[in-house]
Amino acid sequence: MIRTFDEMVAEVKKSPTKVVAVAYAHDPDVLEALQTAQREDIARGVLVGPKAQIEKAAASVNVSLAPFEIVDVADEKEATKAAVSLVREGRADVLMKGLCSTSTILGAVLDKQAGLRESKLLSHVSAFQVPAYHKLIIVSDVAMNIAPTLEDKVAITENAIAVAHRLGIETPKVAIIAAVEKVNPESMPCTADAAILTQMGARGQIKKAIIDGPLAVDNAFSKKACEVKGIITPVGGDADIAITPDIEAGNVFYKVMGYLAMAKTAGIIVGARKPIVLTSRADSDETKFLSIVFAMKVC
Ligand code: COD
């Protein structure tokens, strides 16, 4: 079982090098992250975008373009479509967002004819490493599904469980997050969804995981908090996965972990034909590199 990003990097290095297609690639941070991935023998990059601007961006951060393939496409939408096609045709294993907007890349990925959709819901899965916790924390969905229905939450949970399995966590413990532990369908409907997801786990409708909720964040990650509150839970204090009630809660969690808890962070979209690295422009090089590694591990 992978407990840290160092272990994840070590595992990925044992596998054959994979190809990342970058959409609208003239992003200095992305180029730096890819250079690190290339040096570590983790990934090979195909850079799709305006060649002159890719060269300028690379020069600005001292990245040599010699090991990269460049596909010269000037327009943002066309470059994004071309990067998606590389993945669709099996010429790349992972898609990565460069300087194109989130809506451009998600639109191209969701395109029914030319995109990367399969029958499943696509969802964003992040992973965090903090000194305060004894293993990686997987959280979903902090960036794609805005206000998931119960049905969406089932798919989000299943996608996150599949990611945990890829990290070697045989039976992940899943906390369905809310603000409280008591089911309160009228005032806090997400607590009712949490209770249903828990029951679906108990009855084997959602498989290969132990699910419990509603749990507040303190109970999900602290045994002491569970003891103090008298909560008997097979997940509390040892959660591998936290499912947030909506994008607002998830995104706040993501940003607090990165900016205030100084977590090491990675984020990808899963549920498509191949994983998609979708970091935000403000994310660090390290986050971009670890997100590439995370994508490699799950693909
Ligand atoms: N998985 C699979 N198919 C999907 C998904 C999904 N998660 N979301 C939409 N679709 C399909 C729908 O079934 C439909 O066929 C088509 O895509 C269009 O659906 P819409 O009209 O609901 O989709 P959009 O284009 O309005 O929105 C989809 C987005 C993913 C762009 C939207 O949900 C979004 O903006 N999410 C938040 C992205 C964001 O801002 N993240 C940044 C936070 S840092």
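The exercises below, each with a worked solution, look at a few backbone features and one helix pair in a predicted model.

**Exercise 1. Cis peptide bonds**

Find where the cis peptide bond between Ser140 and Asp141 lies, and then do likewise for the one from Gly213 to Pro214.

Solution. Begin with the bond that joins Ser140 and Asp141, whose omega is about 0 degrees. Asp141 belongs to the loop between β6 (137–140) and α6 (150–166). Turn next to the bond from Gly213 to Pro214, which is cis with omega near 0 degrees. Pro214 is part of strand β8, which covers residues 210–215.

**Exercise 2. Positive phi outside glycine**

For Asn62, decide whether the residue is buried or exposed, and then decide what Lys208 counts as.

Solution. Start with the backbone of Asn62, where phi is near 60 degrees, a positive value in a residue other than glycine. Asn62 sits in the loop between α3 (51–60) and β3 (69–72). Its relative accessible area is 70%, and because exposed means over 50%, Asn62 is exposed. Lys208 is not a glycine either, yet it has a positive phi of about 55 degrees. This lysine, Lys208, is found in the loop between α7 (189–202) and β8. With a relative accessibility of 61%, Lys208 counts as exposed.

**Exercise 3. The surroundings of Lys274**

Locate Lys274, and state which residues it touches when those up to four places away in sequence are not counted.

Solution. Lys274 is in the loop between β10 (264–270) and β11 (276–277). At 28% relative accessibility the residue falls between the limits of 20% and 50%, so Lys274 counts as partly exposed. Leaving out residues up to four places away in sequence, Lys274 touches Val87, Asp93 and Ile269. For Glu78, the separation from Lys274 is 196 residues in sequence and 20 Å in space, taken from C-alpha to C-alpha.

**Exercise 4. A helix pair**

Describe how helix α1 (residues 5–13) packs with helix α11 (residues 285–298), and sort the residues of their contact by kind.

Solution. Two packed helices are described by the angle between their axes and the distance between the axes. For α1 and α11 the angle is about 55 degrees, and the axes are 10 Å apart. Because this angle lies between 35 and 65 degrees, α1 is oblique to α11. The crossing of α1 and α11 is left-handed. On the α1 side, Phe5, Met8, Val9, Glu11 and Val12 take part, and they meet Phe289, Leu290, Val293, Phe294, Met296 and Lys297 in α11. The residues of this contact between α1 and α11 divide into nine nonpolar, no polar and two charged.

Methods:
Residues are numbered from 1 along each chain as its sequence is written. This is a predicted model: local features need pLDDT of at least 70, side-chain atom pairs count only at pLDDT 80 or more; totals for chains, interfaces and linings use all residues. Side-chain values use heavy atoms; hydrogens and water are left out. Helices (H or I, at least four residues) and strands (E, at least two) are DSSP runs, numbered from the N terminus. Buried means under 20% relative accessible area, exposed over 50%, partly exposed in between (1.4 Å probe, protein chains only). Contact means heavy atoms within 4.5 Å. Axes are lines fitted to C-alpha atoms, for helices over the stretch in contact, and angles run from 0 to 180 degrees between N-to-C directions. Angles under 35 degrees count as roughly parallel, over 145 as roughly antiparallel, 65 to 115 as roughly perpendicular and the rest as oblique. A crossing is left-handed if the near helix is turned anticlockwise from the far one by less than a right angle, and right-handed if clockwise. Ala, Val, Leu, Ile, Met, Phe, Trp, Tyr, Cys and Pro count as nonpolar, Asp, Glu, Lys and Arg as charged, and the others, Gly among them, as polar.
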